[in-house]
Amino acid sequence: MSASASRPRPLVAGNWKMNGLKAGLAEARAVIARLAEPGFATGADAMICPPATLLAELATLAKGTRLQVGGQDCHTAVSGANTGDISAQMLADAGVTAVIVGHSERRADHAESSALVRKKAEAALAAGLTPIICIGETAGERQAGLTLQVVRRQLEDSLPSASNPANTVVAYEPVWAIGTGQTPTATDVAEVHAAIRETLVKRLGPGASALRLLYGGSVKASNARELMGVANVDGALVGGASLKASDFLGIFAEAYAS
Ligand code: PEP
């Protein structure tokens, strides 16, 4: 994943979550075809993180194209007696280059702590994958004025010591904005992303300005230009609007038309 010294190259990553049968790969094919058209959003990278059942097939389809493929989660171990889990090494073996870790749905539904998320991110790095580390406050935490405190703490505790600006991506996803159609204001996003960048610079040094910092939570074509235009927003993590090629591509067309 490349990034210039000044502003990182944006990444728009679609998280299909537990959605998508084999027939759904037609949507990914349409994304691949549009990305191959000369001049289409050439300034941004694209990724789809499908369910595990489609990973290998999508990775094969995407090979040699502009579409990158990511996993949605990984185990901390390389292999072992962990029924139902997938290791980072297995994802890499399937042709994947990145993996989401610490999504709020994993943190909430599977009681994943930041310490566990850090171990998963470490496993991803060890397998040569880019961890996309998700952090974000709940509605209650925002109402209590704890947003910056919560997000800084999650980042500090989730970021591996081996992370650097080129091998790690961070996604700020306010929990209350995921799948709700609600988004923070551009001013609120700017405040949180500035705080995250500051924390990253403290941890990684001034080169942390090159680490890709995504915003996620109800991103769609109609709000993409505004949200992607906010300082320190280097792309998006997209749920619902990534399932249909036309919706996903609309985000690129609005925010990264070239
Ligand atoms: C997500 O779950 O990462 C997400 C951002 O979902 P949505 O875009 O649907 O809010």
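User: Which of the 14 residues around the ligand come nearest?
Analyst: This is a predicted model, in which local features need pLDDT of at least 70, side-chain atom pairs count only at pLDDT 80 or more, and totals for chains, interfaces and linings use all residues. Residues are numbered from 1 along each chain, and side-chain values use heavy atoms, without hydrogens and water. Around the ligand (a heavy atom within 4 Å of it) there are 14 residues. Those that come nearest are Lys 17, His 103, Glu 173, Gly 179 and Ser 218.

User: How far from an oxygen atom of the ligand does a polar side-chain atom of Glu 173 lie?
Analyst: Glu 173 is among the residues that come nearest to the ligand. Its side chain places a polar atom opposite a ligand oxygen atom, and the separation is 2.7 Å.

User: Which part of Ser 218 lies 2.7 Å from an oxygen atom of the ligand?
Analyst: Gly 240 has a backbone N or O atom 2.8 Å from a ligand oxygen atom. For Ser 218, the atom at 2.7 Å from a ligand oxygen is likewise a backbone N or O atom.

User: At what angle do helices H5 and H7 pack?
Analyst: Helices are DSSP runs of H or I with at least four residues. Helix H5 covers residues 114–126 and helix H7 covers residues 147–158, with axes 7 Å apart. The angle, taken between N-to-C directions on a scale from 0 to 180 degrees, is about 45°.

User: Which residues of H7 make the contact with H5?
Analyst: H5 and H7 are oblique to each other (neither under 35 degrees, roughly parallel, nor over 145, roughly antiparallel, nor 65 to 115, roughly perpendicular), as their packing angle implies. In their contact (heavy atoms within 4.5 Å), H5 supplies Ser 114, Ala 115, Val 117, Arg 118 and Ala 121. The partners from H7 are Gln 154, Asp 157 and Ser 158.

User: Which residues of H7 make the contact with helix H8?
Analyst: H7 and H8 (residues 186–204) pack at an angle of about 35°, with axes 10 Å apart. H8 brings Glu 191, Val 192, Ala 195, Ile 196, Glu 198, Thr 199, Leu 200 and Arg 203 to this contact. From H7 come Thr 147, Leu 148, Val 151, Arg 152, Leu 155 and Glu 156.

User: Which residues of H10 make the contact with H1?
Analyst: The axes of H1 (residues 25–35) and H10 (residues 245–255) come within 9 Å and cross at roughly 30°. H1 is therefore roughly parallel to H10. H1 contributes Glu 27, Ala 30, Val 31 and Arg 34 to the contact. The residues from H10 are Ala 245, Phe 248 and Leu 249.

Key: Helix = DSSP H or I, 4+ residues; strand = E, 2+ residues; numbered from the N terminus. Polar contact = N/O pair within 3.5 Å; in protein donor to acceptor, adjacent residues only side chain to side chain.
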